[in-house]
Number of protein chains: 2
Amino acid sequence: MARHTEKAPGDAELLQGTLDMLILKVAALRPIHGYAIVQRIQQISREALQIRQGSLYPALYRLENQGLLKSDWGKTETGREAKYYSLTKAGRKHFEAETAGWKRLCDAVSLVLESAE
Amino acid sequence: MARHTEKAPGDAELLQGTLDMLILKVAALRPIHGYAIVQRIQQISREALQIRQGSLYPALYRLENQGLLKSDWGKTETGREAKYYSLTKAGRKHFEAETAGWKRLCDAVSLVLESAE
DNA sequence: CCAGAATGCCTAGGATGTCAAGGTGTAGCC
DNA sequence: GGCTACACCTTGACATCCTAGGCATTCTGG
C-alpha cells in the first residue's frame, strides 16, 4: 500500500531546469546514490516534489558529463552496491549560480504575478 | 563543449510552464496584444524576464486552443491592427490553479534548497 | 524454498515547450 | 528613398521530462 506512484490531480510537476539544481543540492550535503536522491527530495519537500527515475538517471549522467558531479561505487547501509554521487568543485560553483538564477526568477515572476494596473 | 545553453551572465531564461502563467496574468489585467505582452512582462519584471516572439506566439495559440484565451482584432493607440487577447472564464480558473501550483513549487524548492543535514 | 516486494541501476520512445532565425506588411521619421 | 519601430506569423532544432518498460540483488512470509 501507499504506493508512491499515486498521482493526485493537479499534482505539480517539475519545471525544466529545476531538477538539476535539486540534485546538486542533496548531493552537496553528502555523497548519495540515485535511489536515495528521489526519496530524500520527496521527504524534504513533504511529498510535494516527485522525481521519476526516468528523469533522474538521465539528469545524473548529464551532470556527470558536464563535470559537475562525480561518482564512486560503494555500499549502502543495507549492504547493496550503489553509485554514490558527490559534487565537484565546478559543481559547487554551478550550483550557486543556479540557485541565484532561481531566486532571480522567483522574484521576477512574483513581481509580475503581484502586479496590478 | 558546445553547451548550447550558453547564456550571458545576468540573462535569466524562462522555465518551462512559466510562460503560460505570465501571459494569463497580463491578459487578465486587460485585453492586450502579443507585441505588448512581451514589453509588459519585460517592464514589470525590470528586464529580468525576456520573452521571444518565437516562444510567445506558439504559447498564445496553445492557450487559445485550450479555450483559456480568446482573441479579437482591434486597433492599437498607434492606429495599427492588432489581435487583442483576453481571458475566458476557464482561463481565469486555470490561471488561479497555475498560480497555486507555482507557489507550491516555489515553497517546495525552497524547502529543499534551505535544508541542512 | 519459492514468490513477491523493496532496493538499486538503466534505457528507449514519445510528447512538450522553448529558442533561434527567419518572413510579411504598415507607419513614421530623417 | 531608406531606416527604424510596430505587429503579426512560421519553421526547425534541441533539451528536458515522462511513460513504461527491463535487469539484478536482497529480504520477507507462507
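**Reading the DNA surface and an aromatic pair**

User: Let's start with DNA strand C. Which classes of residue make up the surface near it?

Analyst: Keep in mind that this is a predicted model. The surface near DNA strand C has ten polar, seven nonpolar and five charged residues.

User: Which residues come nearest to the strand?

Analyst: There are 22 residues around DNA strand C, and the nearest are A:Tyr35, A:Tyr61, B:Gln16, B:Ser55 and B:Arg80. Of the strand's atoms that come within 4 Å of the protein, 66% belong to sugar and phosphate.

User: Where should I look for polar contacts to the phosphates?

Analyst: Try A:Lys83, where a polar side-chain atom sits 2.9 Å from a phosphate oxygen of DNA strand C. At A:Thr78, a side-chain N or O atom is 3.2 Å from a phosphate oxygen. B:Gln16 goes for a sugar or linking oxygen, with a polar side-chain atom 2.5 Å away.

User: And which element gives the most to that surface?

Analyst: That's helix 3 of chain A, with four residues.

User: Switching topic: how many aromatic pairs are there over all chains?

Analyst: A pair of aromatic rings is described by the distance of the centres and the angle of the planes. Searching the whole structure turns up one pair. A:Trp102 and B:Trp102 are 6.1 Å apart, centre to centre, with 45° between the planes, so the pair is tilted: the angle is neither under 30 nor over 60 degrees. The pair crosses between chains, from helix 4 of chain A to helix 4 of chain B.

User: Are those two rings' residues buried or exposed?

Analyst: A:Trp102 has a relative accessible area of 6%, so A:Trp102 is buried. B:Trp102 is buried too, at 6%.

Definitions and conventions:
Residues are numbered from 1 along each chain as its sequence is written. Chains are lettered from A and ligands numbered from 1 in the order in which they are written. This is a predicted model: local features need pLDDT of at least 70, side-chain atom pairs count only at pLDDT 80 or more; totals for chains, interfaces and linings use all residues. Side-chain values use heavy atoms; hydrogens and water are left out. A residue is near a molecule or strand if one of its heavy atoms lies within 4 Å of it. A polar contact is a pair of N or O atoms within 3.5 Å; within protein, one must be able to donate a hydrogen and the other to accept it, and residues adjacent in sequence count only if both atoms are side-chain atoms. Helices (H or I, at least four residues) and strands (E, at least two) are DSSP runs, numbered from the N terminus. Ala, Val, Leu, Ile, Met, Phe, Trp, Tyr, Cys and Pro count as nonpolar, Asp, Glu, Lys and Arg as charged, and the others, Gly among them, as polar. Rings of Phe, Tyr and Trp (its six-membered ring) pair if their centres lie within 6.5 Å; planes under 30 degrees apart count as stacked, over 60 as edge-to-face and the rest as tilted. Buried means under 20% relative accessible area, exposed over 50%, partly exposed in between (1.4 Å probe, protein chains only).
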